[in-house]
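Biologist: I should like to learn how the features of a structural model are read. Could we proceed from a single residue to its surroundings?

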Amino acid sequence: MEARLFETRQHSLRLAEPLSAEDMVVQASDDVSPTKWHLAHVTWFFENFVLRPHLADYQVFDDNFNYCFNSYYETLGPRHPRPKRGMLTRPTSERVFAYREYVDDGLRRLLAREDIDRDEVNRLVEIGINHEQQHQELLLTDILALFSSNPLRPAYQAQPVGLDTAEPTPLSWTQFTGGIVGIGHSGEGYSWDNELPSHDALVQPFKLANRLVTNAEWLAFMEDGGYATPTLWLADGWSAINREGWESPLYWERTDGGWSQMSLQGLLPVVRAEPVTHISYYEADAFARWAGKRLPTEFEWEVAANSTSKHTAKSPDVLRPQRSDASQGAGPKQLFGQVWQWTASAYLPYPGYRPPAGAIGEYNGKFMVGQHVLRGSSCATPSGHSRATYRNFFYPHQRWQFLGLRLAAEGE
């Protein structure tokens with residue numbers, strides 16, 4: 001575990017390496033946070049949940065950091081407002097890096113001791129590792145939000161040598177018989193509390209598309225008046241697209257050559273065979289209705305994921321969704337490592353769910369209202385941070401994450 005801990009800590013720093021000091025402090029919108037804040041917040045998590053309770057001689061690095069870098073833990077005191085994190089020009093980036101070194105030194109001292117509750121410390125360190133991995137993905141998506149707002153359209157990562165100009169592979173379907181199925185995490189391995197407890201659910205027979213919806217299919221939806229047809233939209237969705245002026249996915253722009261999309265590789269032409277991404281739940285639901293299909297429930301998605309042999313994904317070298325490989329054989333493809341996939345399921349507790357005791361219990365449970373579940377993982381998700389039972393969740397209007405969809409239909 002110690003090796004994983006410090007590899008995770010080092011990986012966060014590697015993700016920040018392409019950025020300037022100015023890049024790391026700016027906040028593009030209320031949904032996102034500056035890189036400097038992410039680097040400090042995950043460190044604050046280890047300091048408050050691991051070191052302060054379990055390292056007897058630990059001295060807090062800076063008393064002001066609890067206010068600056070607490071996220072939403074009400075039981076740990078007041079905090080700086082989320083929409084104003086970009087105003088934290090102080091502490092400087094250099095002081096945040098010093099904070100990380102200081103806390104890492106404390107973690108090494110703690111893990112070297114014999115007189116600790118090893119099981120409890122390991123449990124909290126594991127939570128901290130997974131928490132930091134979540135923020136590694138957020139760091140990347142938040143940098144994309146920032147760079148998309150910059151008129152120079154900077155690239156975080158070098159542009160690909162060539163873009164795929166082929167058409168998508170034809171859509172096909174996998175039939176699932178349904179029945180009473182086991183849902184949720186069980187057995188060995190890490191899980192978040194919202195994946196528990198495992199329980200039985202009744203799933204009717206259904207069909208699931210073998211790949212994700214592509215940019216080519218989304219362009220067809222747009223060209224057919226998808227954003228201008230009120231009968232396709234939920235009432236809240238129709239209000240949202242008219243209020244915000246949406247007529248395409250987030251980060252799409254009309255250029256002389258057609259549609260382009262801002263990516264972590266800069267502004268590039270929309271690749272027709274790639275999965276569509278940066279869409280809201282409202283848009284995903286409208287597209288499914290336009291296609292004569294629907295979104296899968298989270299239970300259907302989990303049944304499909306459990307039917308495959310691969311439940312995790314390696315983080316790709318290029319941080320963008322990739323087209324489906326038709327040679328992969330039958331069954332659902334692109335379940336992991338491409339885009340988070342909207343489901344039709346509201347984010348609610350499983351039967352018998354109880355949040356963990358203490359401040360750590362604020363992590364998931366108090367957000368179980370007004371949001372929708374996404375399954376899978378994205379091209380920005382760290383390697384190993386995905387599994388069939390993982391429940392991500394966002395509000396239905398949010399688009400800045402790598403969010404896409406696959407279609408479902410009733411079984412035959």
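Modeller: Helices and strands are DSSP runs, numbered from the N terminus. In this predicted model, Arg272 lies in the loop that links β7 (266–269) to α8 (281–290).

Biologist: Is Arg272 buried, partly exposed or exposed?

Modeller: Partly exposed covers the range between under 20%, which is buried, and over 50%, which is exposed. Arg272 has a relative accessible area of 34%, and is therefore partly exposed. By contrast, Asp317 counts as exposed because its relative accessibility is 67%; Asp317 sits in the loop between α9 (298–306) and β8 (340–346).

Biologist: Which residues is Arg272 in contact with, beyond its neighbours within four places in sequence?

Modeller: Contact means heavy atoms within 4.5 Å. For Arg272 the partners are Glu167, Pro168, Thr214, Asn215, Ala216 and Leu219. With Glu167, the side chain of Arg272 makes a polar contact of 2.7 Å. Thr214 is 58 residues away from Arg272 in sequence, yet their C-alpha atoms are 6.6 Å apart.

Biologist: In what order do the strands of the open sheet run?

Modeller: The order of the 3 strands is β5-β6-β7, with antiparallel pairing. β5 (252–255) and β7 are the edge strands; each has a single partner strand, so one side of each lacks a neighbour in the sheet. On average, neighbouring strands are turned by 35 degrees against each other, direction ignored.

Biologist: How many bridges join β6 and β7, and which helix packs on the sheet?

Modeller: Strand β6 (residues 258–263) pairs with β7 over 4 bridges; Ser260 has Pro269 in β7 as its bridge partner. Helix α6 (residues 215–223) packs on the sheet, where it touches β5 and β6, and its direction makes about 70 degrees with that of β5.

Methods. Residues are numbered from 1 along each chain as its sequence is written. This is a predicted model: local features need pLDDT of at least 70, side-chain atom pairs count only at pLDDT 80 or more; totals for chains, interfaces and linings use all residues. Side-chain values use heavy atoms; hydrogens and water are left out. Helices (H or I, at least four residues) and strands (E, at least two) are DSSP runs, numbered from the N terminus. Buried means under 20% relative accessible area, exposed over 50%, partly exposed in between (1.4 Å probe, protein chains only). A polar contact is a pair of N or O atoms within 3.5 Å; within protein, one must be able to donate a hydrogen and the other to accept it, and residues adjacent in sequence count only if both atoms are side-chain atoms. Two strands pair if DSSP finds at least two bridges between them. Axes are lines fitted to C-alpha atoms, for helices over the stretch in contact, and angles run from 0 to 180 degrees between N-to-C directions.
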